[in-house]
Amino acid sequence: MNGGTPTAIERRFVHHPVMVTEVVEHLSTVPSGAFLDATVGGGGHARALLNARPDLSLIGLDRDPSAVEAATTLLAGRGAKIRHASFGQLGDVLDSLGVSRIVGSLFDFGVSSPQLDMAERGFSYRQDGPLDMRMDCAQELSADQVVNTWSTDELAGILRSYGDERYANRIAAAISSARPIASTSALAEVVRDAIPAPARRRGGHPAKRTFQAIRIAVNDELNQIEPALETAIDRMAPEGRGVILSYHSGEDRIVKQVLHRRAGLADESRFRGLPRAADQAPPAIELVPRGSRRPSTAEIADNPRASSARFRAFCKLGSDQGEGAC
C-alpha cells in the first residue's frame, strides 16, 4: 500500500502473493524493457518485482475489475499499465499498447484469496452466497447456469475433467435431482450428501473438487492456458524469463506440455540420445529449473492456500534457432 491509510478496495482485495521470493529471484535478471504480469491480481508480485527492478515497464492484466482497481491503486506512480483483460487476450493488449517484445512474463493461475473470501462472489463452499463464480462479472455464463441448466452428463464430464472427482456421476445426478439450487451452501450440501460417508472424512471438504470444476468451466480457464503461453514465449526477447504458478493437476499438465514442447523435450523420453528430427521445431526456451518447485514449509504454514502451488520457469534462448545460453 502506498503509505498512509489503505483504501477500501485495498482492504477488500488483500492478496498474499505465492512464492514471491522465488518469483523475484528468477525474474530479477531479465533485460530492461516491458514485463507482462498476465494475472496481476492485487499487484503483490508486480510490486515486489518493481522494487527489485524499477527499470522495468510493467503491463498487468486481470479479468476481475476489483483486481484491476486494486493493482492500479497499489502500483500508482510506478508507471504500470493495468488493463481489464484475461490472460488469453495478452496478444491483443500488447498490440494495443504498441509493445512488440516483452522481457518477461508471469502467470499466476487459479482463484485468489480475495475472491474466495468475498461470499458475494460465490466461489467458496464454506460461505453462503449466490451461485456466481465469474471472475469477470460482465460475462454471461455463471455458476447458476452450469448448476441449474447443464445436463447430468455435462456436469459429470466437467467434474471428472476439471475436478478429478471420483464420484462425478453420483454428484452430477444429485445436483440434477435437487434443482433448482439457489446458493453455494445449498450446492455444498447436495455434494456432501452425494458422497459416501467414509469418503467425506478424507481429503478436505467434500465439495472442494466440485466447486473447482464448476469455477474452471464458468471461466473457461484451461482452454486459455496453451495459446496464452505460446504467445508469451513468441513475444519474449532473447534472455527474457517467464514464471508460471499453477494450483491443480489440470493446469500444471498443460503448462508442462507447452514448456516441454517449446524446450524441445516433448519426445525426450522416447528419443533420448537420438538426433533431432528434421521437422521438429528447434527449442525456443530452456527450462530453469528442469522440473517444478513447491512452496517452502514456512510459507505453507503462513499461507496454507499456497500448499498446492507448483512453480515452473523458463528462459528464452538467444534466437528462434535455439542459439545462446540463458
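Here a biologist asks and a modeller answers about this predicted model.

Biologist: What kind of model is this, and what pLDDT do local features need?
Modeller: Residues are numbered from 1 along each chain as its sequence is written, and side-chain values use heavy atoms, with hydrogens and water left out. This is a predicted model in which totals for chains, interfaces and linings use all residues, side-chain atom pairs count only at pLDDT 80 or more, and local features need pLDDT of at least 70.

Biologist: How many helices and strands are in the chain?
Modeller: Both are DSSP runs, numbered from the N terminus. A helix is H or I with at least four residues, and a strand is E with at least two. The chain has 16 helices and seven strands.

Biologist: What percentage of the residues of the chain count as buried?
Modeller: Buried means under 20% relative accessible area, exposed means over 50%, and partly exposed is in between (1.4 Å probe, protein chains only). The chain has 326 residues. The buried share is 51%.

Biologist: What share of the contacts with a separation of 6 or more comes from residues 24 or more positions apart?
Modeller: Contact means heavy atoms within 4.5 Å. Among contacts in the chain with a separation of 6 or more, residues 24 or more positions apart account for 69%.

Biologist: How many salt bridges are there?
Modeller: Side chains of opposite charge can pair when their charged atoms come close. The rule asks for a side-chain nitrogen of Lys or Arg within 4 Å of a carboxyl oxygen of Asp or Glu. The count comes to 14.

Biologist: Which residue forms a salt bridge with Asp-64?
Modeller: The closest N and O atoms of the pair are 3.0 Å apart. Asp-64 lies in the loop between β2 (57–62) and α4 (65–74), and its partner lies in the loop between α6 (113–117) and α7 (143–149), so the pair ties together parts that are 57 residues apart in sequence. Asp-64 is buried at 1% relative accessibility, and the partner is buried at 7%. That partner is Arg-121.

Biologist: Which residue meets both Glu-226 and Glu-230 in a salt bridge?
Modeller: The N to O distance is 3.1 Å for the Glu-226 pair and 2.4 Å for the Glu-230 pair. Glu-230 lies in helix α13 and the partner in helix α14, so this pair ties together parts that are 31 residues apart in sequence. Glu-226 is partly exposed at 37% relative accessibility, whereas Glu-230 is buried at 18%. The shared partner, partly exposed at 35%, is Arg-261.

Biologist: Which residues are linked in a network of salt bridges?
Modeller: Arg-261 joins Glu-226 and also Glu-230. The network holds Glu-226, Glu-230, Asp-234, Arg-261 and Arg-262.

Biologist: How far apart are the end C-alpha atoms of α13?
Modeller: The expected span is 1.5 Å times one less than the number of residues. With 14 residues, α13 should span 20 Å. Its buried residues include Leu-222, Ile-225, Leu-229 and Ile-233. The end atoms agree with the expected span, at 21 Å.

Biologist: Which residues do ring pairs link into a cluster?
Modeller: Rings of Phe, Tyr and Trp (its six-membered ring) pair if their centres lie within 6.5 Å; planes under 30 degrees apart are stacked, over 60 edge-to-face, and the rest tilted. The structure holds four aromatic pairs, including the edge-to-face pair of Phe-87 and Phe-107, at 6.2 Å centre to centre and 85° between the planes. Phe-107 and Phe-109 have ring centres 5.8 Å apart and planes at 40°, so that pair is tilted. The cluster is Phe-87, Phe-107 and Phe-109.

Biologist: Which residue lies over the face of Phe-311?
Modeller: A charge sits over a ring if NZ of Lys or CZ of Arg is within 6 Å of the ring centre and within 35 degrees of the ring normal. Here the distance from the ring centre is 5.3 Å. The residue is Arg-293.

Biologist: What distance separates the C-alpha atoms of Ala-119 and Gly-129?
Modeller: Ala-119 lies in the loop between α6 and α7. Leaving aside neighbours within four places in sequence, Ala-119 is in contact with Gln-127, Asp-128, Gly-129 and Pro-130. Ala-119 and Gly-129 are ten residues apart along the chain, and their C-alpha atoms are separated by 5.1 Å.
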